[in-house]
Amino acid sequence: MRYDVAMIRVLETAAELEAFRGDWEALERRAAQSPFQTFCWAEQAWGQVLARIPGNRLFVVVAVEAGAGAQVILPCYLARGVLRFLLDVHADHGDALAAPDALQSRHWKALCAFLRSDRRVRGFDLRRLPGASPLFQALTLAFPEAALSKMGGYAVLRAAQAEDVIGTFRHLTSLQRKALRRALRRTEGLTLRRFSAAGGKAFPREALVSLRERMIAQGVRQRDFLPEALLAVAEGMFRAGLCEVAGLYAGETAQVLNVLLRTGGKTLFWLVAAESPQMPSLFNVRYVAEAAKAAPLAVDFGTGVYPYKCLAFCPEVHSSFALYWRRGVWGLACMAARGLLRWARDAARAPRGWWA
């Protein structure tokens with residue numbers, strides 16, 4: 001089905017997804033993206049988790065222009081007819097993959113027209129859309145009746161290459177830099193270890209499982225924390241070279257491990273398992289201090305603008321949003337109810353948070 005110049009195509013099977021690998025990865029090389037818009041994420045998220053859940057249906061929407069290949073890829077699936085980003089409950093950013101030099105207005109218009117007209121799509125529930133995303137802008141204009149709500153945000157830290165990276169953080173006060181140095185000194189008895197396929201290291205599954213079990217036994221996490229299927233997704237990203245695992249060790253025992261996703265010159269802190277509540281903060285300081293010695297660093301601390309991420313480094317903070325839409329009169333009622341409930345929840349939280 002054609003809309004203006006763009007041709008809309010839908011990938012609905014694992015075989016179609018695999019056949020489209022080359023086009024997807026070619027677009028990845030041209031376009032800025034987070035790990036959650038890569039082909040590897042789509043393949044692992046669908047194959048390891050979502051395909052095994054009854055009622056799910058692969059539904060990757062692609063805008064293709066004649067002679068130019070894929071211009072926009074919307075990595076989604078249908079959950080009982082509702083369009084969602086692939087494995088969105090574990091993804092820090094939901095977005096489309098889009099060519100930087102495309103005639104974007106045509107492709108966004110085509111994509112939105114397709115979503116509204118195709119009756120297989122009963123609605124959408126798209127979460128953690130960055131506020132600056134072209135997809136977010138297109139959907140809010142094309143679906144003015146959709147319920148819009150805030151989903152917190154995420155924080156990004158940029159560091160220059162330096163032996164003493166803390167000394168380069170001129171946006172911090174001297175007291176804040178001293179606090180970082182104190183935190184760094186607390187890690188002196190620990191070893192920072194990094195595991196990557198490029199470095200010839202194996203994925204440290206046993207160490208992650210051991211930390212997971214200790215956290216569950218301490219009552220810090222529920223039994224469903226870090227399930228095996230999610231570890232399988234992480235290991236698939238690891239084998240593809242898009243994932244690194246780093247941690248602090250006391251002797252041969254891991255005190256904290258962080259699963260890091262790496263794309264587009266940025267490192268995203270994704271999954272963390274720790275022996276004690278202080279360890280994630282100490283890891284953040286040690287990792288940044290060590291990694292910045294080798295190269296400039298851009299760290300995405302992931303979803304959630306939490307004090308342990310933001311008070312120490314004062315990184316750039318960005319907002320994320322969710323868009324919820326349903327067809328028909330009943331759909332309008334659902335959107336109104338959802339928007340009201342979300343507003344009530346946000347109002348109950350304001351303005352007593354640490355950020356305010």
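A residue is called buried here when its relative accessible area is under 20%. With that in hand, here are some notes to help you find your way around this predicted model.

1. **Gln 33, a good place to begin.** Its relative accessibility is 17%, so Gln 33 counts as buried. You will find Gln 33 in the loop that runs between helix 2 (21-30) and helix 3 (39-49). Setting aside neighbours within four places in sequence, its contacts are Glu 28, Thr 38, Leu 97, Thr 263 and Gly 264.

2. **The pocket beside that loop residue.** Gln 33 also belongs to the lining of the second largest pocket, where Ala 32, Gln 33, Ser 34, Asp 95 and Pro 130 are the residues nearest the centre, out of 34 lining residues. Several elements each give two or more residues to this lining, among them helix 4 (104-117), helix 5 (134-142), strand 10 (147-159) and strand 16 (316-326). The pocket's volume is about 710 Å³. By kind, its lining holds 17 nonpolar, 11 polar and six charged residues.

3. **An enclosed space.** How many cavities of 30 Å³ or more are there? The count comes to one. The largest cavity holds about 70 Å³ of space. It is lined by 13 residues, and Phe 85, Leu 86, Ala 91, His 93 and Gly 94 are the closest to its centre. Six of the lining residues are nonpolar, three are polar and four are charged.

4. **Helix 11, a helix with two sides.** Helix 11 covers residues 328-349, and its end C-alpha atoms are 32 Å apart, which agrees with the 32 Å that its 22 residues should span at 1.5 Å a residue. Which residues of helix 11 are buried? They are Gly 331, Met 335, Arg 342 and Asp 346. Because these residues cover an arc of only 40 degrees around the axis, they sit on the same side of helix 11. That buried set packs against strand 10 and strand 16. On the other side of helix 11, the exposed residues are Val 329, Trp 330, Ala 336, Leu 340 and Leu 341.

5. **Helix 9, a mostly covered helix.** Helix 9 (residues 279-291) reaches 18 Å from its first C-alpha to its last, close to the 18 Å expected for its 13 residues at 1.5 Å a residue. Of those 13 residues, 11 are buried, which leaves helix 9 mostly covered. The buried residues include Met 279, Phe 283, Arg 286 and Tyr 287.

6. **Gly 247, a meeting point.** Phe 283 of helix 9 turns up again here, as one of the residues that Gly 247 touches. Beyond four places in sequence, the other contacts of Gly 247 are Thr 191, Leu 192, Arg 193, Val 256 and Leu 257. Gly 247 lies in strand 12 (residues 243-250). With 0% relative accessibility, Gly 247 counts as buried. Its C-alpha atom is 8.8 Å from that of Phe 195, although the two are 52 residues apart along the chain.

7. **Two backbone angles to look at.** Arg 80 is not a glycine, yet its phi is positive, at about 55 degrees. Arg 80 sits in the loop between strand 6 (76-79) and strand 7 (82-85), and its relative accessible area of 61% makes it exposed. Cys 314 also has a positive phi, near 50 degrees. Its place is the loop between helix 10 (307-313) and strand 16, and at 32% relative accessibility Cys 314 counts as partly exposed.

Conventions:
Residues are numbered from 1 along each chain as its sequence is written. This is a predicted model: local features need pLDDT of at least 70, side-chain atom pairs count only at pLDDT 80 or more; totals for chains, interfaces and linings use all residues. Side-chain values use heavy atoms; hydrogens and water are left out. On a 1 Å grid over the protein atoms alone, a cavity is a set of points where a 1.4 Å probe fits but cannot get out, and a pocket is an open set with protein on both sides within 12 Å along at least five of seven lines; lining residues have an atom within 4 Å of a point. Grid points are joined across faces, edges and corners, and a volume is the space filled by probe spheres set on the points. Helices (H or I, at least four residues) and strands (E, at least two) are DSSP runs, numbered from the N terminus. Ala, Val, Leu, Ile, Met, Phe, Trp, Tyr, Cys and Pro count as nonpolar, Asp, Glu, Lys and Arg as charged, and the others, Gly among them, as polar. Buried means under 20% relative accessible area, exposed over 50%, partly exposed in between (1.4 Å probe, protein chains only). Contact means heavy atoms within 4.5 Å. The expected span of a helix is 1.5 Å times one less than its number of residues. The arc is that of the directions from the helix axis to the C-beta atoms.
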